[in-house]
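Here is a short tour of some inner spaces, one helix and two backbone angles. Please keep the structure open while you read.

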Amino acid sequence: MSFYNEYLKYNDLSFEDFFESVTDHQIKSIIQKERLSVTDYLALLSPQAEKHLEDMAQKAHRLTVQHFGKTILLYTPMYLSNYCTNQCLYCGFNTSNHIHRKQLTLDEVETEAKVIAETGLKHIIVLTGDARKIASPEYISDCIRILKKYFTSIAIEVYALEKDEYAQVIEAGADLLTIYQETYNEELYDRIHLKGPKKDYRFRLDAPERACQAFIRAVNIGALLGLDSNWRREAFFTGLHANYLQDRFMDTEVSISLPRIRPHEGGFEPGCVVNDKNMVQMMLAFRLFMPRAGITISTRENAQFRNNIIRLGVTKMSAGSTTAVGGHTQKEENTGQFDISDERNVSQMREAVLSLGYQPVFKDWQTI
């Protein structure tokens, strides 16, 4: 079984024709439902639904508080390596970009971990480029074993792995996988991934399922918003994919991220501009469709926007972020994967969350 089969069911759907058929009465009726269908979710992503964002927001807030309380989990990324063998047009780590390449030694990983741990955070996500001969599964596992001394939850955002490799990093201590399909548009995917292992659309698409089969605790998926000119289509397939995983792996926590493309080395021009209103609509529609799923908003977004959307369904936010390898401790010139927008440190994020009437959570999981 593969999500690809679900993807094919809707790939030829005329989204424009569907959206033209959506009525105000239909949207109002959907908002009142306790359980939404796939087509209900798609209707909430329609232009017609934009007139009902306030009603959607009120219900999204109620559902989020019901399932998660008034809490925001805080975490930070640690970049282990920026070596890469892919030519992805939208990424600063593109192998054709002339940037300083670096990979942390295990001693440097421990130094970085100590500094991050001093902020009080207990959740961390580690990232690498796609260069498995350098940042191998064995290297990633060794890093995770070090990080286990300092953090109770370790997420990975690395290249797509085989099932047994996911089992390897899980056994080392990783408990969450974040992996973005980047775009669900298969033809566009092929055009923007010029070469490298990431060019294999199906292998990446099935990666979350392989991790679930290896019994990972949680998966987080998403599309890089702005790559495809049709953001509504990307939002739909992201939700469809999350729903597929939640239905088939009921012991796995499922969440999504909504990352908008940011400036980076290489200067790729996005296919469309996804504005704040679009982001809010995506978030609200997803919350109504999947009330128990998490929603992560990273420091790609600016501080004001992140403050404003906390009440709309967000459950997790990054803080004190850097996208450079060793960026928490090493100050020399080191090109990041992309430019961050919200530069608040962990203490500032904590105060911001508290000021909005929410509880910042530094730890909500303990691995054995």
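How much space lies in the second largest cavity? About 30 Å³. This is a predicted model, in which local features need pLDDT of at least 70 and side-chain atom pairs count only at pLDDT 80 or more, while totals for chains, interfaces and linings use all residues. Residues are numbered from 1 along each chain as its sequence is written, and side-chain values use heavy atoms, with hydrogens and water left out.

**Cavities**

A cavity here is a set of points, on a 1 Å grid over the protein atoms alone, where a 1.4 Å probe fits but cannot get out; lining residues have an atom within 4 Å of a point. Grid points are joined across faces, edges and corners, and a volume is the space filled by probe spheres set on the points. Two cavities of 30 Å³ or more are counted by this rule.

The second largest cavity is lined by I179, Y180, Q181, Y184, R204, L205, P208, I221 and H241. Strand β4 provides the largest share of that lining, three residues, and both β4 and α10 (201–205) supply at least two. Helices (H or I, at least four residues) and strands (E, at least two) are DSSP runs, numbered from the N terminus.

The largest cavity has a volume of about 60 Å³. Among the residues that line it are Y41, G222, L225, T238, S257 and F286. At least two lining residues come from each of β5, α12, β6 (253–257) and α13, and α12 gives the most, with three.

**The second largest pocket**

A pocket, by contrast with a cavity, is an open set of points with protein on both sides within 12 Å along at least five of seven lines. The second largest one has a volume of about 380 Å³. Its lining has 19 residues, of which E34, R35, F289, M290 and P291 lie nearest the centre. Two or more lining residues come from each of α5 (53–68), α12 (231–248) and α13 (276–289), and α5 gives the largest share, four residues.

The table sets out the three linings by class: Ala, Val, Leu, Ile, Met, Phe, Trp, Tyr, Cys and Pro count as nonpolar, Asp, Glu, Lys and Arg as charged, and the others, Gly among them, as polar.

| Space | Nonpolar | Polar | Charged |
|---|---|---|---|
| Second largest pocket | eight residues | five residues | six residues |
| Largest cavity | eight residues | four residues | no residues |
| Second largest cavity | six residues | two residues | one residue |

**Helix α6**

Helix α6 (residues 106–117) has twelve residues and spans 16 Å from first C-alpha to last, close to the expected 16 Å, which is 1.5 Å times one less than its number of residues. V109, E110, E112, A113 and I116 of α6 are buried (under 20% relative accessible area, with exposed over 50% and partly exposed in between; 1.4 Å probe, protein chains only). These residues lie on the same side of α6 because they cover an arc of only 165° around the axis, taken from the directions from the helix axis to the C-beta atoms. Their cover includes β1 (71–79), β2 (123–127) and α7 (137–147).

**Two positive phi angles**

Most residues other than glycine have a negative phi. E182, in strand β4 (residues 176–182), has a positive phi near 75°. Is E182 buried or exposed? E182 is buried, with a relative accessible area of 7%. F215 also has a positive phi, about 70°, and lies in the loop between α11 (207–213) and β5 (218–223). F215 is exposed, at a relative accessible area of 70%.

Terms used
Contact = heavy atoms within 4.5 Å.
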